[in-house]
Amino acid sequence: VQLQASGGGLVQAGDSTKLSCAASGRTLSAYFMAWFRQAPGKEREFVAAINRNGGGTDYADSVKGRFTISRDNAKNTVYLQMNSLKPEDTADYYCAADGDTVVSWASARYERAYDYWGQGTLVTVSS
């Protein structure tokens, strides 16, 4: 499966924006999906994950209550709605897909669980 992330840009603190991750090559419903991010000079970190039918989600503590991950399997797209953005949310955001490695919500937080990655989309939050 190929993943294409989009929706990044420059926003002000407190604003909202929505990222999209479009899949091609295989139907998205076969994959457990997640968003990760990498801030300048830092390691890539888990942001949010969603199971195959969209009925379950998990979030990093730093974004819980502000970000919402969702998916539309009919459109082969996963989304990340980002509200109340903070300067510390500035990062490249990556979507990732896993076919069969994720076995628990705990394992879904690890990069190595994911087989396919989109290119990053940069979100810059100004203060």
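The torsion about the S-S bond of cysteine 21 and cysteine 95 is about 65° in this predicted model, and the disulfide is therefore right-handed. The two sulfur atoms lie 2.1 Å apart. Distant parts of the chain are linked by this pair, since cysteine 21 belongs to strand 3 (residues 17–24) and cysteine 95 to strand 9 (residues 91–98), with 74 residues of separation. Both cysteine 21 and cysteine 95 are buried. The structure holds one disulfide. In general terms, a disulfide is a covalent bond between the sulfur atoms of two cysteines.

Strand 3, which contributes cysteine 21 to the disulfide, is also part of an open sheet. Four strands make up this sheet in the order 1-3-8-7, with antiparallel pairing. Its edges are formed by strand 1 (2–6) and strand 7 (67–72), each of which pairs on one side only. On average, and with direction ignored, neighbouring strands of the sheet are turned by 15° against each other. Within the sheet, strand 1 and strand 3 run antiparallel and are joined by five bridges. In this pairing, leucine 3 is positioned opposite alanine 23 of strand 3.

A further set of antiparallel pairings involves strand 5. This strand, spanning residues 45–50, is mostly covered, as five of its six residues are buried. Strand 5 pairs with strand 4 (residues 32–38) over five bridges in the antiparallel sense, and methionine 33 stands opposite isoleucine 50 of strand 5. Strands 4 and 5 form a hairpin in which six residues lie between them. The turn of this hairpin contains glycine 41, whose phi is positive, at about 75°.

Strand 5 also pairs with strand 6 (residues 57–59), again in the antiparallel sense, here over three bridges. Isoleucine 50, which stands opposite methionine 33, is likewise found opposite threonine 57 in strand 6. The hairpin of strand 5 and strand 6 has six residues between the strands. Glycine 54 in this hairpin adopts a positive phi near 80°. A glycine with positive phi is thus found in the hairpin of strands 4 and 5 and in that of strands 5 and 6.

How values were computed. Residues numbered from 1 in each chain as written. Predicted model: local features only at pLDDT ≥ 70, side-chain atom pairs only at ≥ 80, totals over all residues. Heavy atoms only, no water. Buried < 20%, exposed > 50% of the residue type's maximum accessible area, 1.4 Å probe, protein only. Helix = DSSP H or I, 4+ residues; strand = E, 2+ residues; numbered from the N terminus. Pairing = 2+ DSSP bridges. Disulfide = S-S within 2.5 Å. Axes fitted to C-alpha atoms, helices over the stretch in contact; angles between N-to-C directions.
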